[in-house]
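Please open the structure in your viewer and keep the selection panel at hand. This tour goes from one selection to the next and says what is to be found at each stop.

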Amino acid sequence: MTKRELPALSIVEVQDLLRRREVSPAEVLESLEERINAVDDKIGAYLAHDLAAALNEAEKADVNLPLGGIPIALKDLINVEGQPCTCGSKILGGYRAPYTATAIEKLRAHGAIPFGRTNMDEFAMGSSTENSSVQLTRNPWDLSRVPGGSSGGSAAAVAADIAFGALGTDTGGSIRQPAALSGVVGFKPSYGRVSRFGLVAFASSLDQIGPLTKTVHDSALLMNAIAGHDLRDSTSLDAPVPDYTKNLGRDLKGIRIGLPKEYMIEGVDPAVKTAVTASVKQLQALGAEIVEVSLPHTDYAVSVYYILATAEASANLARFDGVRYGHRADNIANLFDHYARTREEGFGAK
Amino acid sequence: MGKLDVGYVAQLARLHLTPEETELFQKQLGDVLLYAEKLNEVNVKGVEPAAHGVPIFNVFREDKASDWFTPAQALSNAPRQANNLFIVTKVVE
């Protein structure tokens, strides 16, 4: 195994090499750094990455932990003390997080090393990563296309083998859609499963942190690390966390899966339809029973989403007023001017 | 549905808008209001209001002080500060 080949591996594969002492956590990081420097100019997945800080953490890494020594990239809206957290916005340009999100504390407790901040639509509002105020991110499979969004940086990083796995967030599809567009595994946990403490809020009643990975097994490993109740997030679910890996590789006998007929309507791309049909066949072959179901209110979901998400976003983004953190306009005439100019200069159009 | 006063909304949101922006947002906000209108089609008679899919009520913690930010941490990103305080723009004219 040369350093060059390392970044293409899955988390499970790297873990195996780490535990057999064939590579060290520092070598894993350095191989990733080398590939980031070689290809990210073209992709633009990362807004920042701090090799020195990560190597410091790698020195103490315990490779026998479930994610021991594995670098994980983070969408740039999850706070990690001392790291930037721009949310893809100019308004948080010089911000350094003064505390660490629960999900990251849990990742670290499982041995992972947070490494790299990935690009996103500004404050997670968008579905192409073109609404980042910092830079564009391109789809690694075809640089003329978008990677999806808003977690487009995380999806592109995993697809381009410049991250073994990444965290994103999903409010109205922002993990699932970029994962689909970039050809990686994306998982949106049920609301409440992963603590939102330390996540910069977009629409609080919908936001969830979740993994983007190369394989389903890797996704399960990340969920095992980040899921669980947190006293610091009052909407987090106080329920036991299953071992997400325990059913991997088993058949699906006795499992019934509903297929909503409203999802297969006009306007669905034929390629998507073919892929879904193939998945359904695969699930059936594994023993699952597929039942057509009806979700009659599907047509109203977008309306409900746009009302709730914009209302919650306007409340959540009121905190960016140039008082406690973030950008503040200069030469202000009065209080109205303070708020107005700070926001005009700090926020993008979206 | 009445015409939306974007100028008034902008004032509430503390934003200066150019005439072009006012026109653009007039249309965009109008579209959002159409979403609300679409929901009028749904008959919700007899449907119990549901705030959320996960039933969580009254989350309290023990009424005990615990360590949190030091003043230095809280001020570490302040655009302007002095004497362990945030400096704000004059509020009362």
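**Stop one: two domains of chain A**

In this predicted model, the centres of domain 1 of chain A and domain 2 of chain A, taken over C-alpha atoms, are 24 Å apart. To see them, select residues 6–249 of chain A for domain 1, and then residues 251–319 for domain 2, as the domain assignment gives them. Where the two touch, domain 1 of chain A contributes ten residues to the contact and domain 2 of chain A contributes seven residues. On the domain 1 side of chain A, the touching residues comprise six nonpolar and four polar ones, with no charged residue among them.

**Stop two: a covered helix**

Next, select residues 216–226 of chain A, which form helix H7, a mostly covered helix in which eight of the eleven residues are buried. Among the buried residues of H7(A) are A:Leu221, A:Leu222 and A:Met223, and also A:Asp218. If you add helix H1 (11–19), helix H4 (102–109) and strand S4 (165–170) of chain A to the view, you will see some of what covers the buried residues of H7(A). Just after H7(A), click on A:Gly228, whose phi is positive, at about 135 degrees.

**Stop three: where chain A meets chain B**

Finally, show both chains, whose contact takes 29 residues from chain A and 27 residues from chain B. Which element gives the largest share of the chain A side that touches chain B? Select residues 335–346 of chain A, helix H10, and you have the answer, since H10(A) supplies the largest share, seven residues. The chain A side that touches chain B holds 16 nonpolar, eight polar and five charged residues.

Key: Residues numbered from 1 in each chain as written. Chains lettered and ligands numbered in written order. Predicted model: local features only at pLDDT ≥ 70, side-chain atom pairs only at ≥ 80, totals over all residues. Domains from an automatic or database assignment. Nonpolar A, V, L, I, M, F, W, Y, C, P; charged D, E, K, R; others polar. Buried ≥ 20, exposed ≤ 12 C-beta atoms within 10 Å, placed from the backbone. Helix = DSSP H or I, 4+ residues; strand = E, 2+ residues; numbered from the N terminus.
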